[in-house]
Each structure stands twice: as C-alpha cells, then as structure tokens.
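Work through the exercises below with the model open beside you. Try each task before reading its solution.

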Amino acid sequence: MALNPVFVGKQYPPTEPYEVSREKIHEFATAIGDSNPAYLDREAAGALGYPDVIAPPTFAIAVSARAASQVIFDPSLGLDYSRVVHGEQSFSYTRPVRAGDQLTVVVTVDNIRTAAGNDIITTRGEVSTVDGEHVVTALSTLVSRAPDSAGS
Amino acid sequence: MAANVRYDDVRVGTELPAQTFEIHRLDLVKYAGASGDFNVIHWNERIAKSVGLPDVIAHGMYTMAQAVRVVTDWLGDPGAVVDYSVRFTRPVVVPDDDTGAVLEVSGAVIEKREDKQAVVELLARAGGAKVLAKARAVVQLE
C-alpha cells in the first residue's frame, strides 16, 4: 500500500483564489467555540490594528487543506483517506488571515515515507494573497495507518 | 500588535492560565462543516471502528485549535501568534454520550527570543494521555 513516490517534490500551480469572508471566520470561530472579539467584531479587530476581523490561527487549515486535496485525493497517490490521521501540523504566519483576503496556495509534496508500516506524506502550502503578499506557510503531515494498527 | 502581555513581564517559566475543553460529537460535526474536513472517522462510529480506531476521534485540527486558545486568550491579540506547530501523538476519542471528551491544556514560556518574541510550550491531555507533543507557539510581544 505504499504511496506513489513519484509525487515527491511535485509542485502544483497556484490554486484559484479563496475569498475569506467575515461569515466564514464567524462560522469557524463558532465551531471551535472561540468568542475572541478579534474574530467577530470589526471594531475590536480595528482596535488591535487590523483592517477587518482576523481568523483564528488554525483557520489557515481550511485554505491549505483544500489546496492539498488536489494531492491527497488524487487516486494515483494511493491514499486511503479513511485510514488517515493527522501526524503533524505547523503554521508560520507573516500576518493573520483576515476577512477580505483573496488567498491562493502553492502546494508542494515535501516528503513521502513509510514508518512501521504507516504511509506518511508531508505537504507544504505557501498561502499568499493574489497580490503576492505572503500570509502563512502550512506544513501538514498525514499518516495512513497500517491495517493492523490502532489509531494514533 | 496589541498583545495584553509585555515582553518584559514574561520570563522563562511563566505559566499561562490553564483551560479545560469539553468535546462532544456535535462539536466535531460543526467543525467538519466549518473546516471542510469530512473524514468519516470524525463522525461515523461504524467506520471508525472498522478501520481499527476505538471510536470516533476528534479532528487533530480541532484539538490544535483548542490548545492554542490558552495562548490567544492569554495574549488577547490572536494575531500575535507568529508560529504554531504540533505533533499529534494520540487520538482524542469522543464517545457518543453526555460527557464527551475532556481536553486539558496548560502552557508555559520556555524561551525568550530577540525581537520581543517568546516561545510557549503547550501540554494537552485527554483520557489520561498526552495527545500533543512538541506543541509550540511563538508569540510576538510588545
């Protein structure tokens, strides 16, 4: 069940812009139960120096994972998504994602390996505005668990 | 940035206020919709068990989102988080009952850097086990 190694190093063209709305930020903040006013109230965000409401730090996954899905769900990669758990995740922010952003992502497959029978893939998403301003880099490592393993 | 916390008031060892989060099945359903991650293991017990999991498990990203609240609530300004990374070591199992799962998160400053940045290490436990490792947030202070 090894993943197709030909994907290592593959880089994808920039994704179609993802337009970040106040409503989507509101929905995400509500889903994680976080009522920080910077996510919900333009004035509160403005008092912190932001031109509009900002998104919670991990909101970036909604943008980067959608972009990475062009790899993850490519049948020729050979990943069984029901066996996938998240292994590692990191975000490096130039600035917070905020309402009004038009974000595009360049996805690269950084690594594919096997450890203890688990297939492991690391993708990197460089998230920038359509004007070329870097916003966040997201590194995601997904683990497709070997058939006889318990979840981790 | 307008963080509540001043660089000069922080030292290595400064503890952040700990928090406890309850996680119920409904939270995972909401999170699936909001994040776009509809992996069946986060809402379908039958399939979760069929792939060898003890039960439905929380999205790792849901746990990651909760854990950093210890940092963002401390700071006031969530935009002061300039780097955040975790390793997921154990699944957070979310049973279909009235209790759900309980996630306990604490944090402490482990390093002060130049440019008024500090590194916070987070500890997250659920069901008696550590669920995150190397959970670190770098924050920009004033």
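**Exercise 1. Describe the secondary structure of chain A.**

Solution. Start with the count: chain A has four helices and five strands. Keep in mind that this is a predicted model. Next, read the order from the N terminus: β-α-α-α-α-β-β-β-β.

**Exercise 2. Describe the dimensions, burial and contacts of chain A.**

Solution. Begin with the box. Along the principal axes, the C-alpha atoms of chain A fill roughly 50 × 35 × 20 Å. Now take burial. Chain A has 152 residues, and 41% of them are buried. Finish with contacts. Take those between residues at least 6 apart in the sequence of chain A: 71% of them join residues at least 24 apart.

**Exercise 3. Which elements of chain A give two or more residues to the side that touches chain B?**

Solution. First, set the scene: 38 residues of chain A are in contact with 39 residues of chain B. Then list the elements on the chain A side. They are α1 (22-31), α4 (60-72) and β2 (84-93). Next, rank them: β2(A) gives the most, with ten residues. Last, sort the residues on this side of chain A by kind. There are 19 nonpolar, twelve polar and seven charged.

**Exercise 4. How many bridges join β2(A) to strand β2 of chain B?**

Solution. Find β2 of chain B at residues 81-88. Count the bridges to β2(A): there are five. Check the direction: the two strands run antiparallel. Now pick out one residue, Q89(A). In β2(B), its bridge partner is V86(B).

Note on methods:
Residues are numbered from 1 along each chain as its sequence is written. Chains are lettered from A and ligands numbered from 1 in the order in which they are written. This is a predicted model: local features need pLDDT of at least 70, side-chain atom pairs count only at pLDDT 80 or more; totals for chains, interfaces and linings use all residues. Two residues are in contact if their C-beta atoms, placed from the backbone, lie within 7 Å. Ala, Val, Leu, Ile, Met, Phe, Trp, Tyr, Cys and Pro count as nonpolar, Asp, Glu, Lys and Arg as charged, and the others, Gly among them, as polar. Two strands pair if DSSP finds at least two bridges between them. A residue is buried if 20 or more other C-beta atoms lie within 10 Å of its own, exposed if 12 or fewer, and partly exposed in between; C-beta atoms are placed from the backbone.
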